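User: I'm new to reading protein structures. Can you walk me through one?

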Amino acid sequence: MTLQTVTLAQLEASADNPRKAFDETSIIGLAQSIKADGLLQNLVVAKPKGRAKKFTIISGERRFRAMQHLLSQGEISQDFTVPVEVKENLTEEEILRIATIENVQRENLSPLEEATAISALVQNGEKLDEILAKTGLSVTTIKRRLSLLNLVEEDRRRLIVVTLN
């Protein structure tokens, strides 16, 4: 494993990524987050083999697509630097295993956890426009999440149980 920086132009998506469906709204939201705060987590890539000149993404295709969106909007260039963890000498099976595990192991915050986090941002003085830009969430989603904080404790417990199941 080697940590290094490459340009956006040196990256390519893997045709074998287990994730086939990408929510465009989510990608745009992630792009706004990257624009506001930069790339917060490096991509994991396979070192180019033979005559290949591009690093193949093992983990982080959503982030890659978000950067591609920023590129298409003129917000960044092909020379945009991307931190990557380079994996060497992996078989196709190992690449697929790592990509699958990364996708399956990912766990999103529950709606109540999102509400608590958004509330903390507001209490720390963040403006709604800043929260929208940093999270990629819509105004409606933020309002709905924050309304969960008004639930009585019994309903909060029920929501947690439903979310976990």
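Analyst: Sure, we'll go through a pair of helices, some strands and a single residue, bearing in mind that this is a predicted model.

User: How do I describe two helices that pack together?

Analyst: The general idea is that you give the angle between their axes and the distance between the axes. Here, take helix 1 (residues 24-37) and helix 2 (residues 61-72): their axes come within 8 Å and cross at roughly 75°. An angle from 65 to 115 degrees counts as roughly perpendicular, so that's the label for helix 1 and helix 2.

User: Which residues make that contact between helix 1 and helix 2?

Analyst: From helix 1 you'll find Ile27, Leu30 and Ile34 among them, and helix 2 brings in residues including Arg62, Ala66 and Leu70. Sorted by kind, the residues of this contact are 8 nonpolar, 2 polar and 5 charged.

User: What about strands? In which sense does strand 5 pair with strand 1, parallel or antiparallel?

Analyst: A general point to start: in a regular strand the side chains alternate between the two faces of the sheet. As for your pair, strand 1 (residues 2-7) and strand 5 (residues 81-87) are antiparallel, with 6 bridges. Look for Thr7, which sits opposite Thr81 in strand 5. Strand 5 also pairs with strand 3 (residues 43-46), in the parallel sense over 4 bridges. There, Val44 is opposite Glu85 of strand 5.

User: Is Ser33 buried or exposed?

Analyst: Buried means under 20% relative accessible area. Ser33, which lies in helix 1, has 12% relative accessibility, so Ser33 counts as buried. Beyond its neighbours within four places in sequence, Ser33 is in contact with Gly38, Ala133 and Lys134.

How values were computed: Residues are numbered from 1 along each chain as its sequence is written. This is a predicted model: local features need pLDDT of at least 70, side-chain atom pairs count only at pLDDT 80 or more; totals for chains, interfaces and linings use all residues. Side-chain values use heavy atoms; hydrogens and water are left out. Axes are lines fitted to C-alpha atoms, for helices over the stretch in contact, and angles run from 0 to 180 degrees between N-to-C directions. Helices (H or I, at least four residues) and strands (E, at least two) are DSSP runs, numbered from the N terminus. Angles under 35 degrees count as roughly parallel, over 145 as roughly antiparallel, 65 to 115 as roughly perpendicular and the rest as oblique. Contact means heavy atoms within 4.5 Å. Ala, Val, Leu, Ile, Met, Phe, Trp, Tyr, Cys and Pro count as nonpolar, Asp, Glu, Lys and Arg as charged, and the others, Gly among them, as polar. Two strands pair if DSSP finds at least two bridges between them. Buried means under 20% relative accessible area, exposed over 50%, partly exposed in between (1.4 Å probe, protein chains only).
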